[in-house]
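Q: I am new to protein structures and would like a close look at a single part of this one. Could you pick one strand and walk me through its surroundings?

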Amino acid sequence: MHRNITIDTSPPPARWMRDTLDRSAFHRTVPVLAARLPTALTGSLLKAEPMRGFIINLPRIRSVVPDAGSQNDNNKLVLLRVQHEADLNAATLSYLKSQNASLTTHNIELDYDYWSADDILHAILPEELLDGSPTGFSIMGHLAHMNLNEEYLPYKYIIGQVILDKNKRLRTVVNKLDSIDTRFRFFKMELLAGESDYIVEHSESNCRFKFDFSQVYWNSRLQTEHSRLVNMFQPDELVADVFAGVGPFALPAARKGCAVLANDLNPESYKYLAVNIEDNKVSDRVRASCKDGRDFIRHAAALVAANPFPGYTGPPLSQSQRRAQSRQQSRGQISSQQPPRNRIAHFVMNLPDSAITFLDSFRGMLAPSSSESIADLQALYDVMPMVHCYCFTRELEQEAAERDIRQRVEGHLGYMLKTENEVMVHLVRSVAPNKDMYCISFRLPRAITVEEPQS
């Protein structure tokens, strides 16, 4: 082509909309030049060198369409990416003439369904808000979760409706509010569009999760972090998840083979945690509880020592493998007994707003007064558990952030972490312009766990 020719297919501006979406306002007729010729010749015309760059290439618009204005049913129209014959070069015109193709105008009718959510919102929102068009969201099952900046709130219902319209798998669109539940730390939200159905089913790490998104905490942006930590666990280990939620750490760990003590204070989280344990068929490897995190930490070691999990028996077997194993066991060829799992190898503390303040609960965890019926509890812990504690910091430089986190951890532990504590500080994600989420992992110091707890 000798010059750049553009066809305007943008939706018409509708900046007068604010509270209610009028889909009928979005319509545009786009006239384009078309070549009329017999159906049998359309394939060769589309591939011809003189036509290169002249065939229409609009998304979801066919380049060959029926010829409604022709008396000959065998004719088709090949749509061109120009609007006037003068826009074609001499070589292209000569080729079309050699094919006995005649030129005509064809009108492409575009409506609301044609344009993307971003296109529609760019037509509605004020020009000063277009750079950050709010089309990003997280999906949990049928629900889209938005986090709209303040400047977009006057348009929140239109934004929600457009997102719902343009994503057919969705039935509900919500926006996170600034306020959070002070006890259970889940975000409050408002319905922007669709059904007020907040019970979702979501898949992550080969596990199925069901939960009420309005009553529990869930963040799909943490999927990578969930996987990172679970990959650190060995299949034969026992994990204690202090703030388990609905199971994003506990269930993948159990599917891997780990035994898990999963706890959450929120009754709704506990309810759906129990449902998810059953649905994912890991009830033999996960025990759920609904306790305060401090109480859970103080008694977890003694409880599992008194009531161990069955030993690890390897990865899940097929039905035929289970039958073969059963025959071997009945013949005494292999032992059906594996060492019970009675020692916690990892504590997971995913409550970044306040998990560090719970670390003093480890003091005296293995002291005699906390486990009078388990005389050898301390001997059981020849290797101390790793603690994985999530937290926030406003220190944006890595070195300063690590220093800040470590100081706070040591303050609540009442212990200066040493080399043998295998300290590792991992940046999880940035949650705000001046706020980052980290995970600090360290081996629990034996000294603080054997001290008599102070009354």
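A: Happy to help: what follows is a walk around strand E12, with a short look at some aromatic rings afterwards. Keep in mind that this is a predicted model.

Let's start with the strand itself. Strand E12 covers residues 259-263, and it is mostly covered, with 5 of its 5 residues buried. Here is a handy piece of background: in a regular strand, side chains alternate between the two faces of the sheet. You can follow this in E12, where Ala 259, Leu 261 and Asn 263 point one way, while Val 260 and Ala 262 point the other way. Whichever way they point, all of these residues are buried.

Now look at the neighbours. One partner of E12 is strand E11, made of residues 238-241. E11 and E12 run parallel and are joined by 4 bridges. To find this pairing on your screen, look for Leu 238, which stands opposite Ala 259 in E12. How does the chain get from E11 to E12? It crosses through helix H6, residues 250-256, and this β-α-β crossover is right-handed.

Another partner is strand E13, residues 286-289. E12 and E13 also pair in the parallel sense, over 4 bridges. A good landmark here is Asn 263, which stands opposite Ser 289 in E13. From E12 the chain crosses to E13 through helix H7, residues 267-279, in a β-α-β crossover that is right-handed.

With the strand in place, let's turn to the rings. The whole structure holds 8 aromatic pairs. One of them is Phe 26 with Tyr 112: the ring centres are 6.0 Å apart and the planes lie at 50°, so the pair is tilted. Phe 26 sits in the segment before strand E1 (27-38), and Tyr 112 in the loop between strand E4 (102-111) and helix H3 (117-124). The two are 86 residues apart, so this pair links distant parts of the chain. Both Phe 26 and Tyr 112 are buried. Tyr 112 has a further contact, as Lys 166 lies over its face at 4.2 Å from the ring centre.

Phe 209 and Trp 218 form another tilted pair, with centres 5.0 Å apart and planes at 55°. Phe 209 counts as buried because its relative accessibility is 1%, and Trp 218 is buried with a relative accessible area of 6%. Ring pairs link these two with Phe 211 and Phe 213 into a cluster.

How values were computed:
Residues are numbered from 1 along each chain as its sequence is written. This is a predicted model: local features need pLDDT of at least 70, side-chain atom pairs count only at pLDDT 80 or more; totals for chains, interfaces and linings use all residues. Side-chain values use heavy atoms; hydrogens and water are left out. Rings of Phe, Tyr and Trp (its six-membered ring) pair if their centres lie within 6.5 Å; planes under 30 degrees apart count as stacked, over 60 as edge-to-face and the rest as tilted. Buried means under 20% relative accessible area, exposed over 50%, partly exposed in between (1.4 Å probe, protein chains only). A charge sits over a ring if NZ of Lys or CZ of Arg is within 6 Å of the ring centre and within 35 degrees of the ring normal. Two strands pair if DSSP finds at least two bridges between them. A crossover is right-handed if, with the strands pointing away from the viewer, the path from the first strand over the helix to the second runs clockwise.
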